[in-house]
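The following exercises concern the contacts within and between protein chains. Each task is followed by a solution in steps.

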2 protein chains.
Amino acid sequence: MAPSVLERRAGLLEAADRVVQREGPAASMNLIAAEAGITKPILYRHFGDKGGLYRALAARHTEALLERLRAALLTRGGLAARTRATVDAYLAAIEERPQVYRFLVQRAAVEEPDVRGDVEGFVRRFGDELAAGIRSEPSLQGIDETRATVWAQGIAGMVQATGDWWLDHPEVPRATVVEELSALLLAGFDLR
Amino acid sequence: MAPSVLERRAGLLEAADRVVQREGPAASMNLIAAEAGITKPILYRHFGDKGGLYRALAARHTEALLERLRAALLTRGGLAARTRATVDAYLAAIEERPQVYRFLVQRAAVEEPDVRGDVEGFVRRFGDELAAGIRSEPSLQGIDETRATVWAQGIAGMVQATGDWWLDHPEVPRATVVEELSALLLAGFDLR
DNA sequence: GACAGTAGGTTACCGCGGGTAACACCATTG
DNA sequence: CAATGGTGTTACCCGCGGTAACCTACTGTC
């Protein structure tokens, strides 16, 4: 029987995912179409343009990752535990799927800021999530709004950049990176 | 009289610079050649490939920026003053030339890791510089080697990401961003 | 002065990526 | 039996990075 349009779309995303897994940021529309066993125009009918497919793909992984991060942000045991868990969640995710990670970050960097807020790069969304986490953090109640935002964006970038660096220095254990970053941040949080 | 090959090269870089100023990351070899009043093959004779031109261009700005950062890292008046000065130097630089900044960051993100250490992305170099700064920081003597490196890469990313965000939020004064980031970092440094 | 060599430049092309127009093949439905 | 619409394809356009081949004008040398 004929698959519904949504099933179709899901299947295409599946294929795109496999290509990204293999090729990282070099995943092209041609490759993806080939992997899905169809031709380009179909892809374009479904996703509009490469940006559209990127967004659909990013939404998937970003959502999944944000889910993990949200969970980490809710870790019980105090701010220190939450901080470590969150940093660790991020690093664990990029360790599991470095190619996907590279794809997300790179596309986010390259994608022009279409309608600001629509694409909203990967790191930026991470930052937004962190900002929410910070604002609802019990031990940080009453934190200045701007401070929360700036910190969140900064921390997102810090974790991301360190992650990048770490991908090239696998000799450093994940736990070490987590510990160093968390230590730096936790002391800062003490300012309130 | 005929300009020497180095003068020529400098002139080409000058032209490339103007294009980047105008076009940001969209600067293409065609555009640059046109701006210089010549054709592509000449560019390629001088720089090998786009990566080569990118490196030459990046070297310019990176060197200039690193120079400012080094100066900031030597600010007298203690760690707090140095931290603020360094963060401020970075933000001031991207404020002055946002297009150039975008170009540098984006190219660094996209450029594949040729011979690791040759290209070495923009943020990475910033990180290296910071690492040196941290290691030679009087009040941080004896800091663990790995910690210094991780912190440096992380801080570089933090400042960069915040800078990105700030470019889209000009309503926040630079001084505020500097203050918030510095506060967060300085508390962390207290750990030693 | 005629000639070769070479530096400096150009035209015209290749391959590939994103993106699209136009056409072909069914199926349904009046 | 049309006519209609969804699904697919082929074949193309453009611009980018990159290069081969050629063209030109200045130099030195016999």
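A salt bridge is a side-chain nitrogen of Lys or Arg within 4 Å of a carboxyl oxygen of Asp or Glu. This is a predicted model, in which local features need pLDDT of at least 70 and side-chain atom pairs count only at pLDDT 80 or more, whereas totals for chains, interfaces and linings use all residues. Residues are numbered from 1 along each chain as its sequence is written, chains are lettered from A and ligands numbered from 1 in the order in which they are written, and side-chain values use heavy atoms, with hydrogens and water left out.

**Exercise 1.** Describe the interface of chain A and chain B, beginning with its salt bridges.

*Solution.*

Step 1. The rule finds 4 salt bridges across this interface. In one salt bridge, Asp168(A) meets Arg124(B) with an N to O distance of 2.3 Å.

Step 2. Between chain A and chain B, 6 residue pairs are in polar contact, both residues being at pLDDT 80 or more. A polar contact is a pair of N or O atoms within 3.5 Å; within protein, one must be able to donate a hydrogen and the other to accept it, and residues adjacent in sequence count only if both atoms are side-chain atoms.

Step 3. On the side of chain A that touches chain B, helix 8 of chain A gives the largest share, 14 residues. Helices are DSSP runs (H or I, at least four residues), numbered from the N terminus.

Step 4. Contact means heavy atoms within 4.5 Å; 33 residues of chain A are in contact with 33 residues of chain B.

Step 5. About 2,800 Å² is buried between the two chains, and carbon and sulfur atoms give 69% of this area. Buried area is the accessible area (1.4 Å probe) that two parts lose on being put together, summed over both. Trp165(A), Glu180(A) and Leu184(A) supply 22% of what chain A buries against chain B, more than any other three residues.

**Exercise 2.** Into which domains is chain A divided, and how do they meet?

*Solution.*

Step 1. Chain A comprises domain 1 (1–48) and domain 2 (58–189), with bounds from an automatic or database domain assignment.

Step 2. The contact takes 10 residues from domain 1 of chain A and 8 residues from domain 2 of chain A.

Step 3. These domains bury about 800 Å² between them, 55% of it on carbon and sulfur atoms.

Step 4. Across the domain interface the rule finds 2 salt bridges. Arg60(A) forms a salt bridge with Asp17(A), the closest N and O atoms being 3.9 Å apart.

Key: Helix = DSSP H or I, 4+ residues; strand = E, 2+ residues; numbered from the N terminus.
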